[in-house]
Amino acid sequence: MHEVSIAQSLLEIAINNCKNNGFSRIGNIKVLIGKASGVMPDALFFAFDGLKADTIASEATLEIEEVPVSGFCNLCNKDFTTDEKFILACPHCDGLSYTLNSGRELNITEMEVF
Amino acid sequence: MKLKVASKILDANDRIAQENKNIFKEKGVYVINLMSSPGAGKTSLLETTIRNLGGKIKVGVIEGDITGTDDAARIDSLGIPVVQINTGGACHLDANMINEVLNDLPLDELDVLFIENVGNLVCPAEFKVGENMKVMILSITEGHDKPLKYPLMFQESSALIINKIDLKSFLDVDVEKIKKDAASLNQPIKIFEVSCKTGEGIDNWVKWIQTLIS
């Protein structure tokens, strides 16, 4: 359900960026979503489509790129990348001390404006 | 044309959370964002904690619920400053909702502010509200599979309070598994086993709170 708040925030950022740069309509919006961010792309699409009506983004589309979880293990000193949504331990050595480098993103990277 | 933007989608929330945090810091208030599923015992924990502190530390409470004022009435009856937020449907509190009620609390007089989030094991973990730390409660009646099913909340919390420990002998729940899985998800997590009903274990939790704010 919190995808509605996230879609609302996304829409506000897009509309402000569009207006501040002197444009009046929004096309495609590219979004990065980390697999461990807890955000479900389908729920975000649904919320975004519901909220965009009657705004300058009424014809906008979302293009979501999912970012895998990656990190660095402090015990075996190796980088890792995984398809898992959440990791419990380093995939190489099962160590519990690691630093995540990606997977929690929730960013707008690019948008089309007219 | 294409416009490059590099914005975090939750920036607006994070910005207001930082404003709140600055206000709390200036006023000298330690803020704890208390999260759990519905019925785990958030309000009961607050009641016992407040009684246990015995007025030595000045406590304030923000109650977040979708609707209703039952929780705020329970805290109010203890003579503690309390504000009820009704989210009207939203499944979590966000930084702006907290910002809007700050003037309704005597922040100058408080040492600790507990923010009781909406009962939900998923969404509240996503939104900063300006707290010093997040604390979660899991009651043992919810089962030992919860850390691995709802990992984000366990990862975001500085402490896990395992409540209703007095019911252990009636349930097929593996409390050690809860502790082991929570520690795997979040190695530095502090774990307290308590019963808000009997008072078991509350001492340790209250002492810990006292060390954090002293």
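**Tour of the chain A–chain B contact**

Start at A:Asn107 and select B:Lys8 with it: B:Lys8 is the bridge partner of A:Asn107 in β1(B). This is a predicted model, in which local features need pLDDT of at least 70, side-chain atom pairs count only at pLDDT 80 or more, and totals for chains, interfaces and linings use all residues. Residues are numbered from 1 along each chain as its sequence is written, with chains lettered from A and ligands numbered from 1 in the order in which they are written.

Next, select β6(A) and strand β1 (residues 2–8) of chain B. The two run antiparallel and are joined by five bridges; strands pair if DSSP finds at least two bridges between them.

Widen the selection to the whole interface. Here 24 residues of chain A are in contact with 23 residues of chain B (C-beta atoms, placed from the backbone, within 7 Å). On the chain A side, α1 (3–20) and β6 (106–113) are the elements that give two or more residues. β6(A) gives the most, with eight residues. Colour that side by residue class: twelve are nonpolar, nine polar and three charged (nonpolar: Ala, Val, Leu, Ile, Met, Phe, Trp, Tyr, Cys and Pro; charged: Asp, Glu, Lys and Arg; polar: the others, Gly among them).

Now show chain A alone. Two helices and six strands make up its elements, in the order α-β-α-β-β-β-β-β along the sequence (DSSP runs numbered from the N terminus: helices H or I, at least four residues; strands E, at least two).

Finally, view chain A along its principal axes, where its C-alpha atoms fill a box of roughly 50 × 30 × 15 Å.

Notes
Two residues are in contact if their C-beta atoms, placed from the backbone, lie within 7 Å.
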